[in-house]
Amino acid sequence: MTHLIHAPGQWLFLRVEAFFNLAFGERLNPLYYLGAISYSLMWLVVGSGLYLYIFFKTSVTDAYASVEYLTHGQPYVGGVLRSIHRYASDGVVITMFLHLARHWTFDRYRGFHWFSWLTGVALLWLVYAAGINGYMLPWDRMAQFVTIATAEWFDWLPVFKGTLIRNFIFPAAVNDRLFSLLSFIHIGVPLAVLGVLWVHTHRVPHARTTPPWPIAGTLTVALVVLSLAKPALSQGEADLAKAITTLEFDWFFLPVYAALYRASPGEVWALVAGATALFALLPWLPPRRREGPREGFHMLVRPDNRIIGVREGETILDAGLRAAVAFPYDCCSGGCGTCKAKLAYGKVDFGAYQRTALSDAERAAGKLLLCSATPLSDIEIEYEPEKLPGQIPVRTWSAAVESLTPLAHDVMRVILRLEGGERIHFYAGQYLNILLEGGEKRSFSFATAPQQSDRIELQIRLIPGGRYTTHVFEKMKAGDAVRFEGPLGSFFLREDSEKPILFVAGSTGFAPVKSMLEYAFARGLKRKMVLYWGVRTLRDLYAPDLARQWEREHENFKFVPVLSEPAPEDEWRGRTGLVHEAILADFPDLSGYQVYACGSVGMVEAAYPAFQTHGLSQDDCFSDAFRLAPKIRTDALELAKLGGTT
Amino acid sequence: MKKALQILFQLVLYVPLMALIGYFSTAPRFTIVPEKSALVRLSFVHAAERLRECRERTPEELAKLAPNMRAALDCPRERAPLRVELEFDGEVVYRREVAPAGLRRDGAAAVYHRMTVPAGSHRIVARLRDRASGEFNYVREATLDLAPGASLVIDFAAARGGFVFGA
């Protein structure tokens, strides 16, 4: 049933948006910025209201006169701003309902969207309360009507039972205090609107709260023109001794008040309460859209090589942005095509979008729009990064193998020297892709710190049967040419925090941690840093001396090796067990820490939930799993191996 | 040229939006009270008499009470409901029995009723009983000429003798 409304609704929205694209182009189509335009109009309302408040007099004898002075005494400032105040408020109602209708039509209100939906319903009430309250202030006949109608409506409630109207039934009952109260409400409720707006958008990744300036500018100019052409006027001074007969009516804000005089207050309460309840419950009403597991799906994002959870009903773009993936995007409405990417594996619901943004041929070739598509299975996505941290461009480099040094029975240190004396700039923790013949790529983290930019250390672990790692261990020799692309990835040391850092390295996950630590030492970072390096047996701990040297040289650094299965011959007296359990034993409260974890997906997946139950904030968790999760396909295990696992 | 046409097209698309806002912010006009009608509202808040009369306590009863609680009269708190009737040109248009407010029914009762009537001369009778039984103990009747758009408020103030017909 819902689908029968959604489908034609989507068709209609897409057709109208396509029509607007002809005029505005895909990047400046106002219909793609309905929420942001609502924000922008709210600021216009607030700004114009502040000016009006300077001249508004909060007394029963002067309220009307002060608004008349604003309207007629300074028509090109006060008059225009009064009109903008009203028309922008009406505009908020239009854009707010269109925004709501689009999200409902495109099925973006269920599942995890419930929070934004519910706060949106609260905003509806608050915007209406603010607007209706605003109509009381000029104390004209409209104000008289709105005030009395509000009292008559609320008097139906058992708590009032006909007593509220007594405050407005005789002229003598209205005094200056009423206007102080109304002004207080008219400041307080819009503040609440802005507060709930902040909450409403805070949980939406990269939510736009300002439209592009050409849209905001044109809209403002259009409102000014409308204000000059048809100024908002008062409708004669209020006179409680006379009945309100006919009014010029604001049908954006007052339709419920019209209903009050065509039905009983009780019926109007039932209508409003029923509509509110229906709106509030919509995310949970049938039919359920359950097409996959409740916990959603996983996606592997390339070139970042990160594995990210996608919640039920969440677009790939939202999931990526939530995890700070630098996906390119613009309209977020399937119109501009900026977020076009390649579906390398898995099934998706492509969603509703403009054919100009994604042609059928592109779709057949495996392309999708990140902002429209939702996963129907675990997926792999390849996208073209527009920008990476620090605006460091990604490019292809040529280098030569300078040396090969075995670090352990299955780990090889490979030093690359860039050709032509070039230097590469990267962030500590990032990685590169070695380019193989046939177009395949192998990912390895920089083990060197960024300050050593003329040569690059990789720590490559031998994977039996692995094409490239076998080549490294058996055939690679000094002088061999290597081509790679980079720097890549968003796993890097954040310097905008003073919290102590816990590094969690699993096996060759030590490589990016080494880069980060050497960078931190060189920078003179004084934050407390502890490295937990988890390996299976003592022989897998391939650089303990280096870590112990750091410990001796830097008071703020501590090294804790953890062996999960120490061999008898290891005669190990140190920590044993799983590395994250060792951390939790030492740090039962992680609320004041940052954690950088680099290891297998299994390690990361086991560690993070445990860390979070011990107070670690999601914002302080940084990880770059370097092996594909079992949930993602297994026929390309060599695809992602940050830290050099294959 | 194409850019100019596109900008023109954009401006053209803003026109219907502004027209929509400009029009529906004031139109169509809404009629609350028709032009040739008047508004009559019955509104008052009044505390009725107690449901049962006060009783004088016996000396024995007083002796059982704490010294500071020895009031001579024992007055039940509950008040009688108000019985209200409004007759308009010989026809009863409003008749209610209104319970006192409060969990113990010891508060004042509030009455509110609005009606739109044709402008002109009308015979209005308001009746109230604020005790447990008996006939209406407050009655006021008057013939009033209500102008179009006039607002008549029928209030009640026992101190002023009962119903007050006024603007």
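A cavity is here a set of grid points where a 1.4 Å probe fits but cannot get out, and its lining residues have an atom within 4 Å of a point. By this criterion, in what is a predicted model, the second largest cavity is lined by A:R102, A:F106, A:R108, A:C332, A:S333, A:G334, A:A352, A:C371 and A:S372. Its volume is about 30 Å³. Sorted by class, the lining of this second largest cavity comprises four nonpolar, three polar and two charged residues.

Two cavities of 30 Å³ or more were found in the structure. The largest cavity encloses about 100 Å³ of space. Its lining consists of 14 residues, of which A:I148, A:I244, B:L39, B:R41 and B:R114 are the closest to the centre. Two or more lining residues are given by each of α6 (141-154) of chain A and β2 (37-46) of chain B. The greatest contribution to the lining of the largest cavity comes from α6(A), with four residues. In terms of class, eight nonpolar, two polar and four charged residues line the largest cavity.

Charged contacts were examined next. Over all chains, the structure holds 32 salt bridges. In one of them, the side chains of A:E362 and A:K340 meet at 2.8 Å, N to O. This pair links distant parts of chain A, with A:E362 located in helix α12 (residues 360-364) and A:K340 in strand β4 (residues 340-345), 22 residues apart. A:E362 has a relative accessible area of 26% and is therefore partly exposed. A:K340, at 27% relative accessibility, likewise counts as partly exposed.

In chain B, a salt bridge joins the side chains of B:R127 and B:E85, again with a distance of 2.8 Å, N to O. Distant parts of the chain are linked by this pair as well: B:R127 belongs to strand β8 (residues 120-129) and B:E85 to strand β5 (residues 82-88), with their positions 42 residues apart. Buried residues are those under 20% relative accessible area. B:R127 therefore counts as buried, its relative accessible area being 17%. B:E85 is also buried, with 7% relative accessibility.

A further salt bridge is formed by the side chains of A:R442 and A:E440, at 3.0 Å, N to O. The two partners fall into separate accessibility classes: A:R442 is buried, at 3% relative accessibility, whereas A:E440 is partly exposed, with a relative accessible area of 36%. Elsewhere in chain A, a network of salt bridges links A:R413, A:E457, A:K514 and A:E518.

The surface was also examined for nonpolar residues. A nonpolar patch is formed there by A:W114, A:L278, A:L281, A:W284 and A:L285, which together have about 470 Å² of accessible area. One of its members, A:W284, is placed in the loop between α10 (265-281) and β2 (297-302) of chain A. Residues enter such a patch when they have over 30% relative accessible area and no salt bridge. A:W284 has 46% relative accessibility and so counts as partly exposed.

Note on methods:
Residues are numbered from 1 along each chain as its sequence is written. Chains are lettered from A and ligands numbered from 1 in the order in which they are written. This is a predicted model: local features need pLDDT of at least 70, side-chain atom pairs count only at pLDDT 80 or more; totals for chains, interfaces and linings use all residues. Side-chain values use heavy atoms; hydrogens and water are left out. On a 1 Å grid over the protein atoms alone, a cavity is a set of points where a 1.4 Å probe fits but cannot get out, and a pocket is an open set with protein on both sides within 12 Å along at least five of seven lines; lining residues have an atom within 4 Å of a point. Grid points are joined across faces, edges and corners, and a volume is the space filled by probe spheres set on the points. Ala, Val, Leu, Ile, Met, Phe, Trp, Tyr, Cys and Pro count as nonpolar, Asp, Glu, Lys and Arg as charged, and the others, Gly among them, as polar. A salt bridge is a side-chain nitrogen of Lys or Arg within 4 Å of a carboxyl oxygen of Asp or Glu. Buried means under 20% relative accessible area, exposed over 50%, partly exposed in between (1.4 Å probe, protein chains only). Patches are made of residues with over 30% relative accessible area and no salt bridge: like charges are joined within 9 Å, nonpolar side chains (Val, Leu, Ile, Met, Phe, Trp, Tyr) within 5 Å. Accessible areas come from the Shrake-Rupley method with a 1.4 Å probe; for residues, only the protein chains shown count as cover.
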